[in-house]
Every structure is written in structure tokens, then in C-alpha cells.
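This report covers one protein chain, moving between single residues and the chain as a whole. The sequence and the structure come first.

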Amino acid sequence: MIEVLNDTDFEKFRKLIYEESGITYTSINRSILDSRIKDLIRTKNIPTPSEYYDLVTKSPEEMKMMLDSITTNLTRFFRNQPHFDTLINYIIPHLVESKKTSIDKKVRIWSAGCSTGEEPYTIAMILKEKLPFGYDFQVTASDISLKSLLVAQKGFYETSKVQGIPPEYLDKYFIKYDTGYQMKQEIIEKIRFDYHNLKNDSGARNLDIVFCRNVLIYFDEQAQLAVINRFWNSMAPKSYLFIGHSESLFGMKTNFEFLKTDWSCLYQKNINK
């Protein structure tokens, strides 16, 4: 029975995971990687870490399964409420005003690292409520975990998972069952769920808002900068970026501007000054 990965095995998997996803494992969080690789080896009934490594490097499907297993998926509806207060009270009014004379009145949002869907569904419910008549929106929700995306696509959540949703939203946008709550189709159809590795360009362009919260903390500085620059390329000339409250672009050479509102701090792309 494998107790822990030896130093050679840890280094091989650490390097492979970094090259494939940008996610960084160090001696500080080594125990997490040890545990998850051991679980995979046990599930696959493979004798040694080296043999599992050989399998992963030869099979794209096994690689996806490994990356799925080594990511952390913690989320909830309306997580970090001040960000959503900023969305409601600052960003939506600004976007509505900027698109007032445009033929294109669609607001485009990307929820990157969406996990099991609570964040993009929160965004979609808010936009459904707050955008005025004549405006539309589309949310793209992506994650590297296929398992999480399958949960998100179904839009069904146990009762314990819907804590924090305002009662008026819960009543309006969910169907209650004995075992939980089902998101209504009118919200599900506004979200496009997509398997995406942030190491790669998503191909998205002209996005008005990007949420990428509590994801950058898993990357080293070089990988963080690469992700941030890809966000910049995907965003509209006047647009907004949310990152986690414990994350910062301070000291990073990016073109984003720090923006402090009455509700929270975020970043903006503004090349129309």
C-alpha cells in the first residue's frame, strides 16, 4: 500500500500538473496532491505511481480525470456579497448607459472556474432581475473539472446548498422538490457551460465582465500573469474583472486599473479614456 509519494514521484506529478494547467503544488500543499494521486491509483488498481504517471501522459482522457481530481471546488450562491452589490449598483448601470445607443445590447460575462455552477447562476439571476427591458445577457461558465460541470449543467441543488439565496430569488427561479431545488430553465438556458483549461486562450472576445475568483491562488506568479493577460485579450474596451478577495494584481505588470466602489474593489479594462 502506498503511504506517500516519494520525492521523485511528487516532482514528476508536480511538474506535469503545472505544465498542463498552471496549477502549482509545493511542499506546503504537497499532502493534498499526495492524497489525491493515491486515491486515483487505488481507484485504477494500478500498482505504482510511476505506472499511473505513464498512463496519464499517454491518455488525454486520463489526464483530464487527473486534473479534475486535483482541483478544489469550493463555492456557494452569492459568495462574497459585496461583489454582487457592485455588479448591481455600479457595473450594470454603467453597462446599460454605455450600450444605450448601440445596436448590440447584450451583456457578456465569463465565470471562469465556475465549479458546480453557483456563481454563474447567481450572476444570471441578478442580470435577469436588474437589466432593463431591451437588454439581454449571456453567461459563459467554464471549469477544468468535468465532474463539477455536470453538476452545474443539471442545476439541481440540495437544500443545504441554496442557503444564502434571497427568498425572492429562490421562489422565482427555483422549483422546490423534497430532495432539493431545481433551477428553472429560463436561467439555465442563459448559461453556456464549457470545459476549459485557463492555460489556454478561451477564444472569447468582447466580454463585459469576467469573474475569476479564488482561482489565481493556485497558480504561481508567471502563470497568474499569463491568465490575466488572456483575460485582457478577451475583454471589451470598457469592462470589469473580479478576482477573489484574498487575491490581488498588486505588483503584477498588467494593464488593468484598480477600481474601488462603495461596495467592493475590482479591476477594470478602460482603453477609451
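## Two threonines

Thr-140 counts as buried, because its relative accessibility is 15% and the cut-off for buried is under 20%. The model in which this value was computed is a predicted one. Thr-140 belongs to strand β2, which spans residues 136-143. Leaving aside residues up to four places away in sequence, Thr-140 is in contact with Ile-109, Trp-110, Ser-111 and Arg-192.

Thr-86 is placed in helix α5. Thr-86 has a relative accessibility of 0%, so this residue is buried as well. With residues up to four places away in sequence again set aside, Thr-86 touches Ile-91, Phe-242, Thr-261, Trp-263, Ser-264 and Leu-266. Ser-31 is 55 residues from Thr-86 along the chain, and the C-alpha atoms of the two are 37 Å apart.

## Chain dimensions and fold content

Ten helices and ten strands make up the secondary structure of the chain. The radius of gyration is 20 Å, and the globule rule gives 19 Å for 273 residues; the two values are close, so the chain is as compact as a globular protein of that length. Along the principal axes, the C-alpha atoms fill a box of roughly 65 × 50 × 30 Å.

Of the 273 residues in the chain, 49% are buried. Among contacts with a separation of 6 or more, 74% are between residues 24 or more positions apart. The accessible surface is about 13,900 Å², and carbon and sulfur atoms account for 51% of that area.

## Charge and salt bridges

Positive side chains number 36 and negative side chains 35. The centres of these two sets lie 4 Å apart. Side chains of opposite charge can pair when their charged atoms come close. Across the whole structure, a search finds 13 salt bridges.

One of them joins the side chains of Asp-7 and Arg-30, with an N to O distance of 2.9 Å. Asp-7 sits in helix α1 (residues 7-21) and Arg-30 in helix α2 (residues 30-44), so the pair links distant parts of the chain, 23 residues apart. Asp-7 is exposed, because its relative accessible area is 56% and the cut-off for exposed is over 50%.

## A buried pair and a partly exposed one

Which parts of the chain does the pair of Asp-208 and Lys-99 tie together? The side chains of Asp-208 and Lys-99 form a salt bridge at 3.4 Å, N to O. Asp-208 is in strand β7 (residues 207-212), whereas Lys-99 is in the loop between α5 (81-98) and β1 (106-112), so the salt bridge connects parts 109 residues apart in sequence. Asp-208 and Lys-99 are both buried.

Another salt bridge is formed by the side chains of Arg-108 and Asp-104, at 2.9 Å, N to O. Arg-108 has a relative accessibility of 24%, so Arg-108 counts as partly exposed. Asp-104 is also partly exposed, because its relative accessible area is 32%. Elsewhere, Asp-7, Arg-30 and Asp-34 are joined into one network by salt bridges that share partners.

How values were computed. Residues are numbered from 1 along each chain as its sequence is written. This is a predicted model: local features need pLDDT of at least 70, side-chain atom pairs count only at pLDDT 80 or more; totals for chains, interfaces and linings use all residues. Side-chain values use heavy atoms; hydrogens and water are left out. Helices (H or I, at least four residues) and strands (E, at least two) are DSSP runs, numbered from the N terminus. The radius of gyration is taken over C-alpha atoms; the globule rule is 2.2 Å times the number of residues to the power 0.38. Buried means under 20% relative accessible area, exposed over 50%, partly exposed in between (1.4 Å probe, protein chains only). Contact means heavy atoms within 4.5 Å. Accessible areas come from the Shrake-Rupley method with a 1.4 Å probe; for residues, only the protein chains shown count as cover. Lys and Arg count as positive and Asp and Glu as negative; His and the chain ends are not counted. The place of a charge is taken as NZ of Lys, CZ of Arg, CG of Asp or CD of Glu. A salt bridge is a side-chain nitrogen of Lys or Arg within 4 Å of a carboxyl oxygen of Asp or Glu.
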